[in-house]
Amino acid sequence: MYQRPLHYPTYPWVPSYPTYMVNYQVPRTYPPVDTKIFAGSVKSFRLLMEQGSILLDRLGNLAFAQKMMTAAQQGKNAEVDRMIKSIGLKVPVTTKFTPTGVDFILSTDTSQNQSVNCCSLTIAMKWGV
């Protein structure tokens, strides 16, 4: 049979580093947890959910939906934005649409005692084939 030359390691092979370094993990220290920001995000997200529900209720109106889809199909972005703003939501809404679907992105307002948006809610819906 074939024998291995001496310069090939055999199983189990010996690692090239000293054994005292094997499985040595540096203990990590973590900063204390502050839940104030997270609690504020949860509160803001509840508002987004409420506003999203209002948006869906209005989109459930077939006459409104038909007007909006017609404007979107004709590429009238300003008209679609005007119709969404006419709903009277308290949060900014960004609308993106394609021939097969529409995305409504509701985000928190930066003027609500926050320097950046904490969260956003994306409602993605299909409206075509």
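This section describes the fold, the sheet, the core and selected residue contacts of a predicted model.

The protein chain contains 3 helices and 3 strands. From the N terminus, these elements follow the order α-α-α-β-β-β. The chain has 129 residues, of which 22% are buried. Among contacts in the chain with a separation of 6 or more, 47% are between residues 24 or more positions apart.

The strands form an open sheet. Its 3 strands are ordered 1-2-3, and the pairing is antiparallel. Strand 1 (93-97) and strand 3 (120-126) occupy the edges. Each has a single partner strand, so one side of each lacks a neighbour in the sheet. From one strand to the next, the twist averages 15 degrees.

Helix 1 (residues 36-59) packs on this sheet. The helix touches strand 2 and strand 3. Its direction makes about 25 degrees with that of strand 3.

The pairing can be followed strand by strand. Strand 1 and strand 2 form a hairpin, with 3 residues between them. They run antiparallel and are joined by 5 bridges. Strand 2 spans residues 101-107. Phenylalanine 97 has valine 102 of strand 2 as its bridge partner. Lysine 96 stands opposite aspartate 103, also in strand 2. On the pairing of strand 2 with strand 3, 7 bridges are found, and these two strands also run antiparallel. Here leucine 106 stands opposite leucine 121 of strand 3.

Strand 2 has 5 buried residues out of 7, so the rest of the structure largely encloses it. Serine 107 belongs to this strand. Its relative accessibility is 15%; residues under 20% count as buried, so serine 107 is buried. Beyond residues up to four places away in sequence, serine 107 touches Leu48, Val91, Pro92, Asn117, Cys119 and Ser120.

Helix 1 was examined next. The helix has 24 residues. From its first C-alpha to its last it reaches 35 Å, close to the 34 Å expected at 1.5 Å a residue. The buried residues of helix 1 are Ser41, Ser44, Leu48, Gln51, Gly52, Leu55 and Leu59. These buried residues pack against two other helices, helix 2 (62-73) and helix 3 (77-85). They also pack against strand 2 and strand 3.

The largest nonpolar core has 19 residues. Within this core, the residues with the most contacts are Leu55, Met68, Phe104 and Leu106. Helix 1, helix 2, helix 3, strand 2 and strand 3 each give two or more residues to the core. Helix 2 supplies the largest share, 4 residues. Of the residues with the most contacts in the core, Leu55 is also among the buried residues of helix 1. Leu106 is the residue that stands opposite leucine 121.

The contacts of methionine 68 were listed without its neighbours within four places in sequence. Methionine 68 is in contact with Leu59, Val80, Met83, Ile84, Phe104 and Trp127. One of these partners, Leu59, is a buried residue of helix 1. Another, Phe104, is itself listed with methionine 68 among the core residues with the most contacts.

Charged pairs were then searched for. Side chains of opposite charge can pair when their charged atoms come close. Across the whole structure, the search finds 1 salt bridge. This salt bridge is formed by glutamate 79 and arginine 82. Their closest N and O atoms are 2.7 Å apart. The two residues are 3 residues apart in helix 3, so about one helical turn separates them. An α-helix has 3.6 residues a turn, so residues three or four places apart point the same way. Glutamate 79 is partly exposed, at 30% relative accessibility. Arginine 82 is also partly exposed, and its relative accessible area is 48%.

Definitions and conventions
Residues are numbered from 1 along each chain as its sequence is written. This is a predicted model: local features need pLDDT of at least 70, side-chain atom pairs count only at pLDDT 80 or more; totals for chains, interfaces and linings use all residues. Side-chain values use heavy atoms; hydrogens and water are left out. Two strands pair if DSSP finds at least two bridges between them. Axes are lines fitted to C-alpha atoms, for helices over the stretch in contact, and angles run from 0 to 180 degrees between N-to-C directions. Contact means heavy atoms within 4.5 Å. Buried means under 20% relative accessible area, exposed over 50%, partly exposed in between (1.4 Å probe, protein chains only). The expected span of a helix is 1.5 Å times one less than its number of residues. A nonpolar core is a set of buried Ala, Val, Leu, Ile, Met, Phe, Trp, Tyr and Cys residues joined through side-chain atoms within 4.5 Å. A salt bridge is a side-chain nitrogen of Lys or Arg within 4 Å of a carboxyl oxygen of Asp or Glu.
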